[in-house]
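Visitor: Hi, I have a structure to look at and no idea where to start. Can you walk me through it?
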Amino acid sequence: PGVAPRVVSILDEGDWDRLAAAIGQAKSVPGTVVVVSAHWGDHTRPWVLTDHERLCAELMADAGADLVLGHHQHVLRGTDFLAGTPVLYGIGHAVFDVPRLADDLAANGTDIGGLSEAQLAAMLGEYGIYPRPALPSFPFHPIARRTVVAVADIGPDGVRRCGVVPCLIGDDAVAHPVSRDSADWAPFVEFLTECQVRAGLAARVVADTDWELAGCPVVAFQAG
C-alpha cells in the first residue's frame with residue numbers, strides 16, 4: 001500500500017498466433033522480405049527495453065521476420081541482431097506536435113493550468129508528456145528531439161545491412177538530418193551508443209562509414 005504498482009506487459013497468445021501466421025504466410029512467397037513494425041514499449045522512461053519487447057523481438061526473428069522496427073516510446077532505443085535479424089527497438093518519432101494537449105488533459109480531468117514545469121514534472125514525471133515552455137506544442141523531454149530514419153540495404157538474400165540517419169527535431173517541429181560536420185553529430189552518435197550500453201545490447205554503432213541516403217550520412221549497426 002502506498003507504493004507505485006509494477007506494470008508488466010504480457011504477450012497475448014492469440015495475438016501472437018495471428019502474427020506468427022502472418023509472418024509465415026509472407027515468408028512462403030519466394031523473394032519476399034518481411035518487415036515487422038511493432039508498437040510497443042514504455043514511453044515514460046528513456047533507455048528501458050521491457051521484457052515484452054525483448055520476447056516479441058525474439059519470437060518475430062524466430063518466426064522469419066527479416067527486419068523489426070519498433071516505435072511508440074518517442075525516445076530512441078537500442079538496436080540488436082537476433083538470429084541474424086536486425087531489431088531497431090525504437091526509432092523515435094517524426095511528426096508529433098500536440099498544440100491542444102493542455103485542453104485535452106483538462107477535458108479528461110487533469111487540469112495543468114498555472115502549474116510550473118517543476119510541478120508538472122513532479123506530477124507527470126520528468127519524461128512525461130506535457131506542455132513545456134521551450135516549445136509548448138512539442139510536449140516531450142528535450143532528448144525526444146533526437147530521432148532517426150531507419151535505413152536497410154535489402155537484396156535477394158534479405159537485409160544485408162541496416163542503420164539510421166540521425167535527425168534533430170527543430171523549433172519548427174521538422175526533423176532535420178544531422179550532417180557529419182555538424183556540432184550535433186558527435187553527441188548524437190554518443191547518444192546512440194548510450195542506448196546500446198544502457199540496454200545491454202551487443203550490436204556496435206559504426207559512425208565512420210561512407211554510407212549515405214539521399215546525401216545524408218548513415219550510422220550503421222553491426223552484430224556484436
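Guide: Let's start with one pair of residues. Thr 79 has Leu 88 in β4 as its bridge partner. One caution: this is a predicted model.

Visitor: OK. How many bridges join β3 to β4, and which way do the strands run?
Guide: There are 4 bridges between β3, residues 79-82, and β4, residues 85-88. The two strands run antiparallel.

Visitor: What sits between those two strands?
Guide: They form a hairpin, with 2 residues between them. Ala 83 is in the turn.

Visitor: What's odd about Ala 83?
Guide: Its phi. Ala 83 has a positive phi of about 55°, although it is not a glycine. Most residues other than glycine have a negative phi.

Visitor: And is Ala 83 buried or exposed?
Guide: Ala 83 counts as exposed, because its relative accessible area is 69% and the cut-off for exposed is over 50%.

Visitor: Which other alanine has a positive phi without being a glycine?
Guide: Ala 214, with a phi of about 50°. Look for Ala 214 in the loop between β9 (212-213) and β10 (216-217). Ala 214 is exposed too, with a relative accessible area of 78%.

Visitor: Back to Leu 88. What is Leu 88 in contact with?
Guide: Skip its neighbours within four places in sequence. Then Leu 88 is in contact with Leu 67, Val 68, Leu 69 and Gly 70. The list also includes Gly 78, Thr 79, Ala 150, Cys 162, Gly 163 and Val 164.

Visitor: Where does Leu 88 fit in the largest nonpolar core?
Guide: That core has 27 residues. Leu 88 is one of the five that touch the most other members. The others are Leu 76, Val 164, Phe 191 and Val 219.

Visitor: Which elements each supply at least two residues of this core?
Guide: Four do: β2 (67-71), β6 (158-169), α5 (185-199) and β11 (219-222). α5 gives the most, with 6 residues.

Visitor: What lies apart from that core?
Guide: Another core, of 18 residues. Val 34, Ala 38, Trp 40 and Val 68 are among them. As a general point, nonpolar side chains in soluble globular proteins tend to be buried together.

Visitor: You mentioned β6. How does β6 pair with β5?
Guide: In the antiparallel sense, over 10 bridges. β5 covers residues 146-155. A hairpin of 2 residues joins β5 to β6. Gly 155 stands opposite Gly 158 in β6.

Visitor: New topic. Where is Arg 77?
Guide: In the loop between β2 and β3.

Visitor: So is Arg 77 buried or exposed?
Guide: Arg 77 is buried, because its relative accessible area is 4% and buried means under 20%.

Visitor: What does Arg 77 contact?
Guide: Leave out neighbours within four places in sequence again. Its contacts include Asp 42, Arg 45, Pro 46, Trp 47, Val 48 and Leu 49. Tyr 89, Gly 90 and Cys 195 are on the list as well.

Visitor: Arg 45 is a new name. Which pocket has Arg 45 in its lining?
Guide: The largest pocket, which is lined by 15 residues. Arg 45 is one of those nearest its centre, along with Val 7, Val 8, Ser 9 and Thr 50.

Visitor: How much space is in the largest pocket?
Guide: About 480 Å³. The lining has 7 nonpolar, 4 polar and 4 charged residues.

Visitor: What about the second largest pocket?
Guide: Its volume is about 190 Å³. It is lined by 13 residues. Leu 11, Leu 19, His 52, Cys 56 and Met 60 lie nearest its centre. The elements giving two or more residues to this lining are α1 (13-27), β1 (35-39) and α2 (51-63). β1 gives the largest share, 4 residues. By class, there are 8 nonpolar, 3 polar and 2 charged residues.

Visitor: Last stop. Where does Leu 101 lie?
Guide: In helix α3, residues 101-107. Leu 101 counts as buried, at 11% relative accessibility.

Visitor: How far apart are the C-alpha atoms of Leu 101 and Ile 129?
Guide: 9.0 Å, although the two are 28 residues apart along the chain. Beyond its neighbours within four places in sequence, Leu 101 is in contact with Ile 129, Tyr 130, Pro 131 and Pro 139.

Notes
Residues numbered from 1 in each chain as written. Predicted model: local features only at pLDDT ≥ 70, side-chain atom pairs only at ≥ 80, totals over all residues. Heavy atoms only, no water. Core = buried A, V, L, I, M, F, W, Y, C linked by side-chain atoms within 4.5 Å. Buried < 20%, exposed > 50% of the residue type's maximum accessible area, 1.4 Å probe, protein only. Contact = heavy atoms within 4.5 Å. Pairing = 2+ DSSP bridges. 1 Å grid on protein atoms, 1.4 Å probe; cavity = no way out; pocket = protein on both sides within 12 Å on 5 of 7 lines; lining within 4 Å. Points joined across faces, edges and corners; volume = space filled by probe spheres on them. Nonpolar A, V, L, I, M, F, W, Y, C, P; charged D, E, K, R; others polar.
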